[in-house]
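Q: I'm new to this structure and would like a close look at one part of it. Could you start at a single residue on the outside and walk me inward from there?

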Amino acid sequence: MISLLERIQYLSLNVKIILSVILIAFVTFLHTMTTPSLGIETNISIDKIAHTIVFYLVGLWFFIIAKNVRIIFLFILLCGYALSMEFMQMNISYRSFEWLDWAADIFGILLSVFHLSKKL
């Protein structure tokens, strides 16, 4: 049975680009929508967990499809994308810029790097 990683590698460049654009649009939408109140009280904000999970998945996707790109370059691009999402939220009345959200995004990206390098 072919693993998921191998299946992704065999996708055509056009399919990878289309899926990447859809992923970026979806993450951008998530950053602009109103956040629902779950009414759950925890020591760690569920929002920060969501940021970590979303950018872990984004990192996995881009590190897998861009095997020929240097990891540090892609890491910087993803961190820049995450920061731009936070700056975009400054212009939305019901959202706000938070450095901890950006830190959670970077943590998710780092988790994806460690996961793929099998050091985790």
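A: Let's start with Leu 13, which is exposed, because its relative accessible area is 61%, and over 50% is what exposed means here. Leu 13 has its place in helix H2. Keep in mind as you look around that this is a predicted model. Leu 13 and Ile 65 sit 52 residues apart in sequence, yet their C-alpha atoms are 9.0 Å apart in space.

Now slide along to Lys 16, also found in helix H2. Is Lys 16 buried or exposed? Lys 16 is buried, with a relative accessible area of 12%, and the cut-off for buried is under 20%. If you leave aside the neighbours within four places in sequence, Lys 16 is in contact with Ile 8, Gln 9, Leu 11, Trp 61 and Ile 65. There is a long sequence gap here too: Lys 16 and Ala 66 are 50 residues apart along the chain, with 9.6 Å between their C-alpha atoms.

It helps to step back for a moment. The protein has five helices and zero strands, so to speak a plain α-α-α-α-α when you read along the sequence. Of its 120 residues, 32% count as buried. Take the contacts between residues at least 6 apart in sequence: 70% of them join residues at least 24 apart.

Back to H2, and on to its meeting with H4. The axes of H2 and H4 come within 9 Å and cross at roughly 35°, and the crossing is right-handed. On the H2 side you'll find Ile 24, Val 27, Thr 28, His 31 and Thr 32, and they meet Tyr 81, Met 85, Glu 86, Met 88 and Gln 89 in H4. By class, the residues of this contact divide into five nonpolar, four polar and one charged.

Let's pause at Glu 86, which is found in helix H4. Glu 86 counts as buried, because its relative accessibility is 0%. What does Glu 86 touch, not counting residues up to four places away in sequence? The list is His 31, His 51, Ser 96, Phe 97, Glu 98, Asp 101, Trp 102 and Asp 105. Of these, His 31 belongs to the H2 side of the contact with H4, while His 51 is one of the H3 residues that meet H4.

That brings us to H3 and H4. The axes of helix H3 (residues 46-65) and helix H4 (residues 71-89) come within 11 Å and cross at roughly 145°. H3 passes H4 in a right-handed crossing. From H3 come His 51, Phe 55, Val 58, Gly 59, Phe 62 and Phe 63, and across from them in H4 are Ile 71, Leu 74, Phe 75, Leu 78, Tyr 81, Ala 82 and Glu 86. Sorted by class, this contact has 10 nonpolar, two polar and one charged residues.

Look for the rings next. The structure holds four aromatic pairs. In one of them, the rings of Phe 55 and Tyr 81 have their centres 5.9 Å apart and their planes at 50°, so the pair is tilted. Phe 55 lies in helix H3 and Tyr 81 in helix H4, so the pair ties together parts that are 26 residues apart in sequence. Phe 55 is buried, with a relative accessible area of 0%, and Tyr 81 counts as buried at 15% relative accessibility. Elsewhere, Phe 87, Phe 97, Trp 99 and Trp 102 form one aromatic cluster. Among the members of that cluster, Phe 97 and Trp 102 are also touched by Glu 86.

Finally, follow the chain to helix H5, residues 99-116. Its 18 residues should span 26 Å at 1.5 Å a residue, and since its end C-alpha atoms are 26 Å apart, the two agree. Which residues of H5 are buried? They are Asp 101, Ala 104, Asp 105, Ile 106, Gly 108, Ile 109, Ser 112 and Val 113. These buried residues pack against helix H2 (13-32), H3 and H4, and Asp 101 and Asp 105 are among the residues that Glu 86 touches. Just after H5, Lys 118 takes a positive phi of about 60°.

Notes. Residues are numbered from 1 along each chain as its sequence is written. This is a predicted model: local features need pLDDT of at least 70, side-chain atom pairs count only at pLDDT 80 or more; totals for chains, interfaces and linings use all residues. Side-chain values use heavy atoms; hydrogens and water are left out. Axes are lines fitted to C-alpha atoms, for helices over the stretch in contact, and angles run from 0 to 180 degrees between N-to-C directions. Helices (H or I, at least four residues) and strands (E, at least two) are DSSP runs, numbered from the N terminus. A crossing is left-handed if the near helix is turned anticlockwise from the far one by less than a right angle, and right-handed if clockwise. Contact means heavy atoms within 4.5 Å. Ala, Val, Leu, Ile, Met, Phe, Trp, Tyr, Cys and Pro count as nonpolar, Asp, Glu, Lys and Arg as charged, and the others, Gly among them, as polar. The expected span of a helix is 1.5 Å times one less than its number of residues. Buried means under 20% relative accessible area, exposed over 50%, partly exposed in between (1.4 Å probe, protein chains only). Rings of Phe, Tyr and Trp (its six-membered ring) pair if their centres lie within 6.5 Å; planes under 30 degrees apart count as stacked, over 60 as edge-to-face and the rest as tilted.
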